[in-house]
Structure formats: C-alpha cells, structure tokens
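Reader: I'd like to learn how to read a model like this one. Where do we begin?

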Amino acid sequence: GLIVATGRVPGLLKRWTRSTDGRWFGRVHFKITDWYGAVMAEHVAVLVPASALSPRESDRYRPQAREGR
C-alpha cells in the first residue's frame with residue numbers, strides 16, 4: 001500500500017538529548033500510516049534533529065472535554 005509521506009506526523013517527544021557538537025535532538029515515538037490510517041511502521045525512541053520538530057497544533061491531538069463537566 002501507499003504511505004502518507006507529508007513530512008509531518010504526530011508523535012510524542014520523550015526527552016531532549018544534546019550531541020557533543022552542541023546540536024539538540026528529540027527522542028521521539030511516532031507512527032507512519034498508509035492512506036487509510038493503518039499503521040505501516042512504528043518508531044520508538046528515534047533521535048530526530050530539533051530543526052525537524054515542532055509543537056502540536058492547538059488542541060488537535062487532545063481528548064475532547066465532555067459537556068456537563
């Protein structure tokens with residue numbers, strides 16, 4: 001099947017790590033899915049350059065609050 005390769009996927013930043021030359025890397029968990037949302041690959045504790053990471057967009061990935069609470 002085809003994978004979605006938009007360059008942006010949601011992930012979970014577990015910690016920051018600094019390299020000996022001063023660059024920062026995030027240790028990140030993330031999944032790659034196909035067009036239908038099926039998980040094609042799960043990556044755990046991958047070192048990703050800080051320049052490739054960005055904060056989540058607003059509340060897109062937060063659970064929705066239930067009414068009446």
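Author: In the hairpin of β1 and β2, 5 residues lie between the strands, and G22 there takes a positive phi near 95 degrees. Keep in mind that the model is predicted. Now zoom out, then return to details.

Reader: How many helices and strands does the protein have?

Author: Count the elements before anything else. Here there are 0 helices and 3 strands. Along the sequence the pattern reads β-β-β.

Reader: In which sense do β1 and β2 pair, parallel or antiparallel?

Author: Look at the bridges between two strands. Strand β1, residues 11-18, pairs with β2 in the antiparallel sense, over 7 bridges. For one position, take G11: this residue stands opposite F30 in β2.

Reader: What share of the protein's residues counts as buried?

Author: Burial is read from relative accessible area, and the cut-off for buried is under 20%. Of the 69 residues, 10% count as buried. The accessible surface of the protein is about 6,200 Å². Carbon and sulfur atoms hold 54% of that surface.

Reader: What share of the contacts joins residues at least 24 apart?

Author: Sequence separation is the thing to check. Take contacts between residues at least 6 apart in sequence; 29% of them join residues at least 24 apart.

Reader: How many salt bridges does the structure hold?

Author: Look for a side-chain nitrogen of Lys or Arg within 4 Å of a carboxyl oxygen of Asp or Glu. The structure holds 1 salt bridge. R23 forms it with D21, and their closest N and O atoms are 3.0 Å apart.

Reader: Are R23 and D21 buried or exposed?

Author: Check each partner separately. R23 is partly exposed, at a relative accessible area of 48%. D21 is exposed, at 51%. The cut-off explains the two labels, because exposed means over 50%.

Reader: Now a charged residue without a partner. Where does D34 lie?

Author: Place the residue among the elements first. D34 sits in the loop between β2 (24-33) and β3 (39-49).

Reader: Which side chain of opposite charge is nearest to D34, and how far away?

Author: That is K31, at 13 Å. D34 is buried yet has no salt bridge.

Reader: Which backbone nitrogens does the side chain of D34 reach?

Author: For a buried acid, look at backbone groups as well as side chains. The side chain of D34 reaches the backbone nitrogen of Y36 at 2.9 Å. It also reaches the backbone nitrogen of A38, at 2.9 Å.

Terms used
Residues are numbered from 1 along each chain as its sequence is written. This is a predicted model: local features need pLDDT of at least 70, side-chain atom pairs count only at pLDDT 80 or more; totals for chains, interfaces and linings use all residues. Side-chain values use heavy atoms; hydrogens and water are left out. Helices (H or I, at least four residues) and strands (E, at least two) are DSSP runs, numbered from the N terminus. Buried means under 20% relative accessible area, exposed over 50%, partly exposed in between (1.4 Å probe, protein chains only). Lys and Arg count as positive and Asp and Glu as negative; His and the chain ends are not counted. A polar contact is a pair of N or O atoms within 3.5 Å; within protein, one must be able to donate a hydrogen and the other to accept it, and residues adjacent in sequence count only if both atoms are side-chain atoms. Contact means heavy atoms within 4.5 Å. Accessible areas come from the Shrake-Rupley method with a 1.4 Å probe; for residues, only the protein chains shown count as cover. Two strands pair if DSSP finds at least two bridges between them.
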